[in-house]
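Let's take a walk through this protein together. Have the picture open while you read, and follow along one piece at a time.

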Amino acid sequence: MTRTIIAIAGASASGKSLFSQTIYNELLNELAPGAIAIIEEDAYYRDQSHLPFEHRTQTNYDHPDAFEHELLLEHLNQLKEGKPVDIPVYDYAKHTRSDQTRRIQPAKILIVEGILLLSDPKLCDEFNIKVFIDTPLDICLMRRMQRDLEERGRSLQSVIEQYQATVRPMFYQFIDPSKHNADVVVTRGGRNRVAIDILKSKIKQLLQ
Ligand SMILES: Nc1ncnc2c1ncn2[C@@H]1O[C@H](COP(=O)(O)OP(=O)(O)O)[C@@H](O)[C@H]1O
Ligand SMILES: Nc1ccn([C@@H]2O[C@H](COP(=O)(O)O)[C@@H](O)[C@H]2O)c(=O)n1
């Protein structure tokens with residue numbers, strides 16, 4: 001059976017999750033059960049449970065080394081072979097993996113979303129369609145401040161410090177250059193209706 005892996009990359013808070021989730025939710029009722037699944041690259045942040053909390057706050061979470069891409073690669077290959085995988089569940093407030101996992105079934109369409117997917121040549125080889133969400137960085141920062149305060153247990157001070165120390169510099173070093181590996185660049189982020197509809201049509205075509 002042919003399976004298609006679609007990568008959705010872009011800056012933190014550019015709208016990757018909203019974009020992916022909108023496509024997923026809108027297609028869910030139209031497609032056969034289990035036809036489509038989403039995996040977050042964030043699930044593959046390295047486990048840091050062996051480190052003290054203070055130490056974990058110092059990690060550069062926007063550098064490729066923060067991710068266990070080897071495990072993501074292994075899981076993508078298992079899914080391609082039709083095997084289900086149990087992916088880690090990440091806890092942003094604790095800066096490490098939780099003790100839970102989430103089972104992903106080998107869907108015909110697999111959407112993978114995350115900041116550094118297109119910066120890794122081995123991962124790029126696995127993706128059939130590569131999308132980059134291109135949202136201005138000042139808008140990403142505003143959205144990130146609001147989200148991290150409301151959903152990820154952060155203070156305004158910590159968001160600003162992390163943004164200056166790692167998020168912004170790593171964006172320019174790794175994420176922005178990876179845009180050139182994309183097949184499609186989507187402006188404005190998670191609510192670009194035309195881009196969402198184009199991707200939905202492509203997915204339906206692939207499933208025919
Ligand atoms: N086009 C948009 N307009 C308004 N809010 C948006 C838009 N795209 C994303 N958001 C909001 O910004 C925040 C970050 O978006 P999210 O999709 O989680 O980003 P990412 O997955 O790239 O980190 C979320 O609260 C989301 O609802
Ligand atoms: N413990 C962590 C782990 C990650 N981050 C930040 O998350 C961003 C990636 O997730 P998005 O949903 O925003 O794409 C990344 O920029 C990391 O800085 C964190 O703050 N703490």
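Start with a pair of strands: S2 and S5 run parallel and are joined by five bridges. To see one of these pairings for yourself, look for Glu40, whose bridge partner in S5 is Glu113. Keep in mind that this is a predicted model.

Now stay with S5 and look at its other neighbour. Strand S1, residues 4–10, also runs parallel to S5, residues 109–113, and five bridges join the two. Here you can find Thr4 standing opposite Ile109 in S5.

Zoom out a little and the whole sheet comes into view. It's an open sheet of five strands, in the order S2-S5-S1-S6-S7, with parallel pairing. The strands at the edges are S2 (36–40) and S7 (184–187), each of which pairs on one side only. Going from one strand to the next, the twist averages 20°.

Is S5 enclosed or open to the outside? Five of its five residues are buried, so S5 is largely enclosed by the rest of the structure. Its side chains are split between two directions: Ile109, Ile111 and Glu113 point one way, while Leu110 and Val112 point the other way, and all of them are buried. One thing that lies across S5 is helix H1, which also crosses S1, S2, S6 (129–134) and S7. The helix runs at about 160° to S5.

H1 also leads us to the first of the ligands. Which residues come nearest to ligand 1? They are Gly15, Lys16, Ser17, Leu18 and Gly190, out of the 14 residues around this ligand. Helix H1 (16–28) and helix H5 (137–151) each supply at least two residues of that shell, and the largest share, three residues, comes from H1. If you sort the shell around ligand 1 by class, you get two nonpolar, seven polar and five charged residues.

Next, hop over to ligand 2. Its surroundings include Ser12, Ala13, Lys16, Asp42 and Tyr45. Further along the chain, Tyr61, Asp62, Tyr92 and His95 are also among the residues around ligand 2, as are Ile115, Gln162 and Val167. The mix in this shell is six nonpolar, three polar and three charged residues. Did you spot Lys16? It's around ligand 1 as well as ligand 2.

For a change of scene, find Asn128, which sits in the loop between helix H4 (121–126) and S6. How exposed is Asn128? There are 14 other C-beta atoms within 10 Å, so Asn128 counts as partly exposed. Leaving aside neighbours within four places in sequence, Asn128 is in contact with Thr4, Ile5 and Ile6. You've met Thr4 already, as the residue opposite Ile109. Asp197 makes another handy landmark: Asn128 and Asp197 are 69 residues apart in sequence, and 18 Å apart in space from C-alpha to C-alpha.

Finally, let's put a label on the picture. An unreviewed UniProt entry carries the annotation "domain: Phosphoribulokinase/uridine kinase" for residues 5–194. That span is 39% helix and 22% strand, and its end C-alpha atoms lie 21 Å apart.

Note on methods: Residues are numbered from 1 along each chain as its sequence is written. Chains are lettered from A and ligands numbered from 1 in the order in which they are written. This is a predicted model: local features need pLDDT of at least 70, side-chain atom pairs count only at pLDDT 80 or more; totals for chains, interfaces and linings use all residues. A residue is near a molecule or strand if its C-beta atom, placed from the backbone, lies within 6 Å of it. Helices (H or I, at least four residues) and strands (E, at least two) are DSSP runs, numbered from the N terminus. Ala, Val, Leu, Ile, Met, Phe, Trp, Tyr, Cys and Pro count as nonpolar, Asp, Glu, Lys and Arg as charged, and the others, Gly among them, as polar. UniProt positions are given in the numbering used here, feature names are shortened, and annotations may be inferred rather than shown by experiment. Two strands pair if DSSP finds at least two bridges between them. Axes are lines fitted to C-alpha atoms, for helices over the stretch in contact, and angles run from 0 to 180 degrees between N-to-C directions. Two residues are in contact if their C-beta atoms, placed from the backbone, lie within 7 Å. A residue is buried if 20 or more other C-beta atoms lie within 10 Å of its own, exposed if 12 or fewer, and partly exposed in between; C-beta atoms are placed from the backbone.
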